[in-house]
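Colleague: I am new to reading models, so please take me slowly through one part of this one. Where does the ligand sit?

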Amino acid sequence: MPSLVLQAPAKTNLSLRVLGQRDDGYHEIRTCMAPLSLADSLQIELLPQGRGLQFSLEGADWTPKPGEVNLVEKAARLFGERVKRTVDARITLNKRIPSGAGLGGGSSDAAATLRGLNQLSGAGLDEKSLLELAAAIGSDVPFFIHGKLCECSGRGENITPVADDWELPIVLLKPAFAVATPEAYARWKSSRKIPGVLYAPQLCPWGEMVNDLETAVFSKYPVLARMKMWLLEQPETHAAIMSGSGSTVLAVLSSQFGGENLAARAREEFGPSLWTYVGQTV
Ligand code: C5P
């Protein structure tokens, strides 16, 4: 049966401005999102009719809470409903992007599922239909349908591609804990800044780097503020902010060299349970 393997890249928000809370409970945002060299991979294999959807996960543990489905299964179900066919496919997800990290891993997996099923099944949904399906899965998912540097607005689902071709060298640091996105947004209005921590925009040649969710997340997890300030003190760092709703903190480096050394020093500073990644925006 036909099969294909897709890469599902992580993202970071080079800037994330929260403009206010909306009546539907979401927050109005303006954000610049960039795909990263870090990626999950997804194998989709069509199965004979009647076999249904078979999902398996490699490289991570995930035990669903009652009633919870992962975003790959949700995307496959929505795709089937949209094209009025049952989805008979085996989907194997190889996870490299940590969860609860502000790196969009689950959203990217969902977008790859939509793209892959659309291609393999011959359903031929156009980009507009895929973007609509994506927005029904999550605010970040439309960005991954496009998969290139974008300015995003609304709750994140309105995407405008940006014609820049920056390849920024980055280091990612993530502590062992995850941050839940709803909690980060829920704390946005009421949280206080930690004295001595830099929250102001950092002006860079590719634009300003700033994340309005840092106040909310740093006040609950001060170690993330410490990681950001530590990164800013390192000679390799050009700019540093929290990625999305955390718990990853990201440094953009001044040069493509020195990332491994910086990551090794970070593990010494913050302990061996720190997850690190050296790569670039793509
Ligand atoms: O859209 P998604 O399912 O990824 O969002 C998860 C949660 O994050 C939402 O239920 C909401 O609580 C919060 N959120 C928000 N404003 C956004 C995006 C997400 O409040 N722009």
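Modeller: Happy to! One term before we start: helices (H or I, at least four residues) and strands (E, at least two) are DSSP runs, and they are numbered from the N terminus. Please also keep in mind that this is a predicted model.

Now to your question. The ligand sits in the largest pocket. Let us begin with its neighbours: Gly25, Tyr26, His27, Gly138, Ser139, Arg155, Thr181, Pro182 and Tyr185 are the residues around the ligand. Sorted by class, this shell has 3 nonpolar residues, 5 polar ones and 1 charged one. Helix H5, which covers residues 181–186, provides the largest share of the shell, with 3 residues.

Some of these neighbours also make polar contacts, and you can look for them one by one in the view. Start with His27: an N or O atom in the side chain of His27 is 2.8 Å from an oxygen atom of the ligand. Next comes Ser139, where a polar side-chain atom lies 2.5 Å from a ligand oxygen. At Arg155, look at the backbone: a backbone N or O atom of Arg155 is 2.9 Å from a nitrogen atom of the ligand. As for how much of the ligand is covered, it exposes 450 Å² when taken alone, and the protein buries 74% of that.

Next, step back to the pocket around the ligand. Rolling a probe the size of a water molecule over the atoms shows where empty space is left. The largest pocket has a volume of about 1,400 Å³. It is lined by 48 residues, and those closest to its centre are Leu71, Gly100, Gly106, Ser107 and Thr181. You have met Thr181 already, as one of the residues around the ligand. Several elements each supply at least two residues of this lining: strands E1 (3–21), E2 (27–46) and E3 (53–58), together with helices H1 (71–83), H2 (105–121) and H5. By class, the lining of the largest pocket divides into 23 nonpolar, 16 polar and 9 charged residues.

For contrast, have a look at the second largest pocket, which has a volume of about 300 Å³. Of the 22 residues that line it, Leu14, Cys32, Ala34, Leu149 and Asp164 lie nearest its centre. Here E1, E2 and strand E9 (207–211) are the elements that give two or more residues to the lining. The lining of this second largest pocket has 11 nonpolar, 4 polar and 7 charged residues.

There is a closed space to find as well. The structure holds 1 cavity of 30 Å³ or more, and the largest cavity has a volume of about 30 Å³. Its lining is made by Val179, Ala180, Glu183, Ala184, Arg187, Ala216, Val217, Lys220 and Tyr221. Helix H5 appears again, since H5 and helix H6 (214–220) each supply at least two residues of this lining. It is H6 that gives the most, with 3 residues. The cavity lining contains 6 nonpolar residues, no polar ones and 3 charged ones.

Finally, two details of the backbone. Most residues other than glycine have a negative phi, and most peptide bonds are trans. Lys84 has a phi near 55°, a positive value in a residue other than glycine, and Lys84 is placed in the loop between H1 and strand E4 (89–94). Further along the chain, Gly246 and Ser247 are joined by a cis peptide bond, with omega about 15°. You will find Ser247 in the loop between strand E10 (237–242) and strand E11 (249–253).

Key
Residues numbered from 1 in each chain as written. Predicted model: local features only at pLDDT ≥ 70, side-chain atom pairs only at ≥ 80, totals over all residues. Heavy atoms only, no water. Near = heavy atom within 4 Å. Polar contact = N/O pair within 3.5 Å; in protein donor to acceptor, adjacent residues only side chain to side chain. Areas by Shrake-Rupley, 256 points an atom, 1.4 Å probe, with all protein chains shown as cover. 1 Å grid on protein atoms, 1.4 Å probe; cavity = no way out; pocket = protein on both sides within 12 Å on 5 of 7 lines; lining within 4 Å. Sits in = over half its atoms within 2 Å of the grid points. Nonpolar A, V, L, I, M, F, W, Y, C, P; charged D, E, K, R; others polar. Points joined across faces, edges and corners; volume = space filled by probe spheres on them.
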